[in-house]
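User: Could you walk me through this one? I'd like to ask a few things as we go.

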Amino acid sequence: RGAVADKMTIDSSGNVGIGSTPNITVNGGSVRLQVYGTDPYTGSATLGRWSADNQPSKLRFIKSRHATIGSNTIVQDGDIIGSMEFFPNDGGDYENQCAAIYAAVDGTPGANDTPGRLVFATTPDGSGGATERMRISSSGKVGINTTSDGQTLHVKQTDEGNNVLQVENAHASA
């Protein structure tokens, strides 16, 4: 018989590696679960749900200000509750972020009241960190290139001479 290759590894710290030993550092740290592969199937994770209703699979992020797992302490305005961050290899490491999407508390939280915002960030050429580009606030207002919450849609022009926003009326009569 040939050598048996490990398919999953759990190290002494409880970190799980599927497809590799869990030791690749991304943005200065190593996360608890790492899935690695060389094609779209071995390097991916799937969530699935089979049910006779309209409910999907879910990826849930939770956050407490308490330092003990399972304990409750209210979050504060500006706390980031969950994020999806994207770190491509730049030829040497995985330390430079190219984009991020995150949810944060957007106002004063209270019992059964947690206002939130959704933020989209991208990284400009020549930089290694993502910058907020679009925000959807707890009031439903959208800011592009601005965090202003003044208008329903606020687009801030960043380059002189470029068209910033084009609105077409699809129902205009000829």
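Here are some questions and answers on strands, a loop and a surface patch.

User: Before we start, what sort of model is this, and how are residues numbered?

Analyst: It's a predicted model, where local features need pLDDT of at least 70, side-chain atom pairs count only at pLDDT 80 or more, and totals for chains, interfaces and linings use all residues. Side-chain values use heavy atoms, with hydrogens and water left out, and residues are numbered from 1 along each chain as its sequence is written.

User: Is V75 buried or exposed?

Analyst: V75 sits in the loop between β3 (33-35) and β4 (80-86); strands here are DSSP runs (E, at least two residues), numbered from the N terminus. Buried means under 20% relative accessible area, exposed over 50%, and partly exposed in between (1.4 Å probe, protein chains only). V75 has 9% relative accessibility, so it counts as buried.

User: Which residues is V75 in contact with, leaving aside neighbours within four places in sequence?

Analyst: Contact means heavy atoms within 4.5 Å. One partner is S64, 11 residues apart from V75 along the chain, with their C-alpha atoms separated by 5.9 Å. The full list is K63, S64, R65, I81, V105 and P109.

User: And L47, buried or exposed?

Analyst: L47 is also found in the loop between β3 and β4. Its relative accessible area is 57%, so L47 is exposed.

User: Which residues make the nonpolar surface patch of about 510 Å²?

Analyst: Patch residues have over 30% relative accessible area and no salt bridge (a side-chain nitrogen of Lys or Arg within 4 Å of a carboxyl oxygen of Asp or Glu). Nonpolar side chains (Val, Leu, Ile, Met, Phe, Trp, Tyr) are joined within 5 Å, like charges within 9 Å, and areas come from the Shrake-Rupley method with a 1.4 Å probe, only the protein chains shown counting as cover for residues. The patch is made by L47, L59, F61, M84 and F86.

User: In the open sheet of three strands, what is the strand order?

Analyst: Two strands pair if DSSP finds at least two bridges between them. β2 (residues 16-18) and β3 run parallel over three bridges, with V16 partnered by L33. The pairing in the sheet is mixed, and the order is β1-β2-β3.

User: How many bridges join β6 to β7?

Analyst: β6 (residues 116-122) pairs antiparallel with β5 (residues 99-105) over seven bridges. On β7 (residues 131-136), also antiparallel to β6, M134 stands opposite F120. The number of bridges joining β6 to β7 is five.

Definitions and conventions. Helix = DSSP H or I, 4+ residues; strand = E, 2+ residues; numbered from the N terminus.
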